[in-house]
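This report describes selected features of one structure for a reader working at the bench. It begins with enclosed space and then turns to open space, the surface, strand pairing and local geometry.

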Amino acid sequence: MASHKIMTFFFGVILALSVPWIVHADQPPAPQSPIVINSNMLGFGGPLSVSAQYSDRFGTSIRGEYTQTLGANNAFSLGLELGSDNQRLGATFAHAFDKHQRIKATIEHLRQGTEFQFSSGKVDETLTQNALGFSYQYTGLDGPLNDIHFNLYYADTDGKALADLRFSTETESRFVLFNNQRNIAGSETMGASVGGSVTPWQNGRVIFDLYYDDVDYDTWYIADQDRDGLGASLALEQNLSSNLRLNMLASSQQTYNQYRVGLARKIMRNNARPLTLELSGTHIEGRNSLADDDRISLGVRLGWGRGAKSTNNAALSLGNWTAKPAVYIPQVLAIVDEKTAALVEVNKTMIPSGSTIAASNGTVTVSGLEPLATSPILSVTRNGVAIGINPAQFSIAGNALLVHSLNLNPPATYVVKLKETDSDNTFVTIVTTVGSVSVNSITIDSNNSTVPPQVPPTVSLSNFDDGGCDFFSFDATYADTDGTVVDLKVFRNGTLIQTITVNAANGTENVRVSPSNGDVITVIATDNDGNESTVATHTIVTNCGT
């Protein structure tokens, strides 16, 4: 994929480089200035700009930019941003073929520490991104257009695999332990734009562009996150007076929407050393789970040396154009990629009063037992068959029985026989069902008899359909071999959202819920004996709302 996009990008660059020769094939070439650096050129031409930028996401950064013309036909610009969570280095080189045509190329390295919101919580990670851009412009047109221009860019963003993380949710009636598989998906992005500018009124210029972007995210868990399509931007540059200029921009691309407004005021009009104060504010709306950001910048721009008084206008124009890089991506193009599944579910209404559940692993500490003897676990049965005593499944802490839910093997009914200090026996029955390890009930019997095992109902999910953006639907098929299923409970991320009454031994119900990408849906069937059954959870995948 990477080699394909890179080859496409460079093919576009080669094609663009041929445009000047095609356009002016019947004209003699304009005289070119060689790239020669001498004492008259060093330190002159500018401009130099320094600014401070505050970002909601990345904090404060200091930005610096220096642009230098090399004769009348060449220029370069260096840009630097330094902050605790934002470091950017960019370089641009431009060449003018003649008074109408010019090209520039920019290479950019970006390193940002940013926040990613997973189901298990937020993480801060530092990622890097490298980008390359190329622009061509034809200026000085006679007619409604001042210029036409087009741009190509390519960006490669690193991703990062993160360790799985467990987290739990708990309500008055239910505890759920989840496992969150986490990945920060990097991307490979390529785009192109074409546009122009017009002067519809005095002292004003409108710049418009049409974009095409193709973003491929390196996801492991969530499918259909890639984006490609058209976008557009509209910008206004308006001189409000001889000393004050207004700049505005609105753009929409596959990666983000951007809105910016800025003011530039000349505070020193000395032709030899013009000084401008610049203030701007930017709002960025991330798309496809990219984060939003708000930024404000305040800085000064200084033109050095001979400035506008004696420098060729064409060189000044080339220098100003070079100061705007051919590629500038505000933030690393990386998104959250995850898969969440329930590991343990405990019906809190069906365990002894005073029992507790460990948030880290779902272990149930069963309280309310009679005083226990030393080494009180006498035997364990599973579905009526004796099995060995496994401390990884059942152990003792003080006068409580620890049920290590993660290590149980559902569906099963376990009966743990305990010896009391008075030599009587206590039986603790644990009913589990499949899907995640679902502890449906824990009961205590101190009458020297076991509780007859009951067969819980079953339920399975199938025929998933996102139904467009209006709903997400699926079939829930249920059955109970020793009774009837009373109802189906539908949970979203551990929270009850629907109860469907069925009162039948078996059947299928079509369930509809609102679509929300990444949400975990769980369905539980309850029979007339109070037994419950869960199934493997299903994670909704939909493109709606992105």
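The residues lining the largest cavity divide into four nonpolar, three polar and two charged, in a model that is predicted. By name, the lining consists of Arg 174, Val 176, Phe 178, Ala 342, Glu 345, Phe 491, Gly 494, Thr 522 and Thr 537. Two elements, β9 (174–185) and β17 (335–347), each give two or more residues to this lining, and the largest share, three residues, comes from β9. The space inside the largest cavity is about 50 Å³, and a search of the whole structure finds one cavity of 30 Å³ or more.

Open space is described here through the second largest pocket, which holds about 610 Å³. It is lined by 30 residues, of which Gln 117, Phe 118, Ser 289, Val 336 and Glu 338 are the closest to its centre. The elements that give two or more residues to the lining of this pocket are β5 (101–118), β8 (160–170) and β17, and β5 provides the largest share, five residues. Strand β17 thus appears in the lining of the second largest pocket and also in that of the largest cavity.

The two linings are set out below by residue class.

| Space | Volume | Nonpolar | Polar | Charged |
|---|---|---|---|---|
| Largest cavity | about 50 Å³ | four residues | three residues | two residues |
| Second largest pocket | about 610 Å³ | twelve residues | 13 residues | five residues |

On the surface, a nonpolar patch of about 850 Å² is made by Val 50, Tyr 54, Ile 62, Ile 267, Met 268, Leu 277, Leu 279, Ile 296, Leu 298 and Val 300. The elements that give two or more residues to this patch are β1 (48–55), β14 (256–268), β15 (275–286) and β16 (293–302). Strand β16 makes the largest contribution to the patch, with three residues, while Val 50 lies in strand β1.

Strand pairing can be followed in an open sheet of four strands, whose order is β18-β19-β23-β22 and whose pairing is antiparallel. The edge strands of this sheet are β18 (356–357) and β22 (394–397), each of which pairs on one side only. Between β18 and β19 (residues 364–366) the antiparallel pairing runs over two bridges, and here Thr 356 stands opposite Thr 365 in β19.

Two points of backbone geometry also deserve attention. Most residues other than glycine have a negative phi, and most peptide bonds are trans. A cis peptide bond, with omega of about -5°, joins Pro 410 and Pro 411, and Pro 411 is found in the loop between β23 (400–403) and β24 (412–420). Asn 288, although it is not a glycine, has a positive phi of about 60°, and Asn 288 lies in the loop between β15 and β16.

Charged contacts complete the account. Side chains of opposite charge can pair when their charged atoms come close. The structure holds 17 salt bridges, and one of them joins Glu 108 to Arg 88, with the closest N and O atoms 2.8 Å apart. This pair links distant parts of the chain, since Glu 108 is in strand β5 and Arg 88 is in strand β4 (residues 86–96), 20 residues apart. Strand β5, where Glu 108 lies, is also the element that gives the largest share of the lining of the second largest pocket.

Notes: Residues are numbered from 1 along each chain as its sequence is written. This is a predicted model: local features need pLDDT of at least 70, side-chain atom pairs count only at pLDDT 80 or more; totals for chains, interfaces and linings use all residues. Side-chain values use heavy atoms; hydrogens and water are left out. On a 1 Å grid over the protein atoms alone, a cavity is a set of points where a 1.4 Å probe fits but cannot get out, and a pocket is an open set with protein on both sides within 12 Å along at least five of seven lines; lining residues have an atom within 4 Å of a point. Grid points are joined across faces, edges and corners, and a volume is the space filled by probe spheres set on the points. Ala, Val, Leu, Ile, Met, Phe, Trp, Tyr, Cys and Pro count as nonpolar, Asp, Glu, Lys and Arg as charged, and the others, Gly among them, as polar. Two strands pair if DSSP finds at least two bridges between them. Patches are made of residues with over 30% relative accessible area and no salt bridge: like charges are joined within 9 Å, nonpolar side chains (Val, Leu, Ile, Met, Phe, Trp, Tyr) within 5 Å. Accessible areas come from the Shrake-Rupley method with a 1.4 Å probe; for residues, only the protein chains shown count as cover. A salt bridge is a side-chain nitrogen of Lys or Arg within 4 Å of a carboxyl oxygen of Asp or Glu.
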